Amino acid sequence: MTASACEVVLSEPEFRLYQSLFSDRLGIHLPDQKLTLVGTRLWKRLRARGINSYTDYYHLINQPDQQEELCRALELITTNETYFFREPLHFEFLKDTILPELKHKDTVRVWSAACSSGEELFSIAMVLADQRIGKWELLGSDINQSMLEKARRAIYLDQRTEHMPLEYRRRFCRRGTGPHHGSLRIEPDLRSRIKLQNIELHQPLPDIGSFDLVFLRNVMIYFDNATRQNVVQQIVNHIHNGGYLFVGHSESLRGVCSGLVQVQPAIYQVQK
Ligand SMILES: C[S@@+](CC[C@H](N)C(=O)[O-])C[C@H]1O[C@@H](n2cnc3c(N)ncnc32)[C@H](O)[C@@H]1O
């Protein structure tokens, strides 16, 4: 949609209100140049709610009982873009370096923080299942409830699975029929082995235990510096000594958190 399709225009003072709200409530930094983008994206929600002013919509989502609507606004402003085996070197490092190191462990625990609709989560699950490492636990979390629902359903359009190795597609997916023709569904055993949870990374973390590996990829781009530091620090507190943290290839952790040693591009090892 273009700006001209909006019947009202987001003014600069109104944009400041949204900047503060997103920063205070979600740790999201909206740069000044995003004014037009924020206006055009949020217009969809104003229309859906029958609201005619950005100020009124701001007051709506600022109410404590409107968390769901706030998340809808967040959904429009951020991206949920993800795909299977995104940044493939991470999955090779997991298979070739990390899992052999962890073979002796009773239970290997992995967390895909900000897992969106589940493609990252199931990519990890396929590697874990393939390597027959014994017991493993995999947690996927996101702030966005509708993305978590998609992950729970685990149905993906064929063309969205093009980066998945063919052998994994054969072993871990079932072809959709009837209304699901043209889609794949992750097979039930793999689905039953993952746990999904709504976790807001900029808030204190719930009691989720410690992990051998955390994927924190392509989510920090939205955070302001202070939020990024807090998020990384509290996640590092949930990683065993010697465990690993993966971030997106465009996200550097230089100066963000102590106790992390970079071992590969966008791969850090925790040394406490
Ligand atoms: C671009 S997707 C990344 C998905 C996946 N990690 C990947 O790299 O393909 C970013 C995800 O971060 C989630 N997100 C944004 N802010 C968040 C927050 N404060 N806490 C938890 N998740 C958040 C969004 O809902 C979205 O699903």
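In what order do the three strands of the open antiparallel sheet stand? I looked this up first and noted the order β3-β5-β4. I record here that the model is a predicted one.

**Entry: the three-stranded sheet**

I asked which strands of this sheet stand at the edges. They are β3 (155–157) and β4 (173–175), and each has a single partner strand, so one side of each is left without a neighbour in the sheet. I noted that neighbouring strands here are turned by 35° against each other on average, with direction ignored. I then followed β3 to its partner β5 (residues 183–186) and found three bridges between the two, which run antiparallel. As an example of the register, Tyr-156 stands opposite Leu-184 in β5.

**Entry: the seven-stranded sheet**

I turned next to an open sheet of seven strands. Its order is β6-β2-β1-β7-β8-β10-β9, and its pairing is mixed. At its edges I found β6 (194–198) and β9 (260–264), each pairing on one side only. From one strand to the next, the twist averages 20°.

I looked at β1 in detail. Is strand β1 (residues 107–113) largely enclosed or largely open? Six of its seven residues are buried, so β1 is largely enclosed by the rest of the structure. On one pairing, seven bridges join β1 to β2 (residues 135–142), and the two strands run parallel. Within this pairing, I noted Arg-109 with Glu-137 of β2 as its bridge partner. β1 also pairs with β7 in the parallel sense, over three bridges. There the bridge partner of Trp-111 is Val-214 in β7.

I then moved along the sheet to the strands β8, β10 and β9. β8 (residues 239–247) and β10 (residues 267–270) pair in the antiparallel sense over three bridges. Tyr-244 has Gln-269 of β10 as its bridge partner. β10 is also joined to β9 by four bridges, and these two strands run antiparallel. Here Val-261 stands opposite Gln-269, the residue of β10 that is also the bridge partner of Tyr-244. I recorded that β9 and β10 form a hairpin with two residues between them. Ala-266, in the turn of that hairpin, has a positive phi of about 65°.

**Entry: the nonpolar core**

I asked which residues have the most contacts inside the largest nonpolar core. They are Val-110, Leu-138, Val-214, Leu-216 and Leu-245, in a core of 73 residues. The largest share of this core, seven residues, comes from helix α6 (residues 119–130). The core draws at least three residues from each of two domains, domain 1 (3–77) and domain 2 (88–270). As general background, I noted that nonpolar side chains tend to be buried together in soluble globular proteins. Val-214, named above as the bridge partner of Trp-111, is among the core residues with the most contacts.

**Entry: the surroundings of the ligand**

I examined the shell around the ligand and asked which of its 24 residues come nearest. I found Thr-82, Ala-114, Ser-116, Ile-143 and Asn-218. By character, the residues of the shell divide into eight nonpolar, 10 polar and six charged.

I followed one of these, Asn-218, further. Asn-218 lies in the loop between β7 (211–216) and α10 (225–236). I asked why Asn-218 counts as buried. The reason is its 21 C-beta neighbours inside 10 Å, since a residue counts as buried when 20 or more other C-beta atoms lie within that distance. Asn-218 has a positive phi of about 60°, although it is not a glycine. I noted for context that most residues other than glycine have a negative phi.

**Entry: two further residues**

I also looked up Phe-85, in the loop between α4 (67–77) and α5 (88–102). Phe-85 is not a glycine, yet its phi is positive, at about 55°. With 21 C-beta neighbours inside 10 Å, Phe-85 counts as buried.

Last, I considered Arg-41, which is found in helix α2 (residues 35–48). Is Arg-41 buried or partly exposed? It is partly exposed, because 18 other C-beta atoms lie within 10 Å of its own. I noted too that Arg-41 and Ala-73 are 32 residues apart along the chain, while their C-alpha atoms are separated by 8.3 Å.

How values were computed. Residues numbered from 1 in each chain as written. Predicted model: local features only at pLDDT ≥ 70, side-chain atom pairs only at ≥ 80, totals over all residues. Near = placed C-beta within 6 Å. Nonpolar A, V, L, I, M, F, W, Y, C, P; charged D, E, K, R; others polar. Pairing = 2+ DSSP bridges. Axes fitted to C-alpha atoms, helices over the stretch in contact; angles between N-to-C directions. Core = buried A, V, L, I, M, F, W, Y, C linked by C-beta atoms within 7 Å. Buried ≥ 20, exposed ≤ 12 C-beta atoms within 10 Å, placed from the backbone. Domains from an automatic or database assignment.
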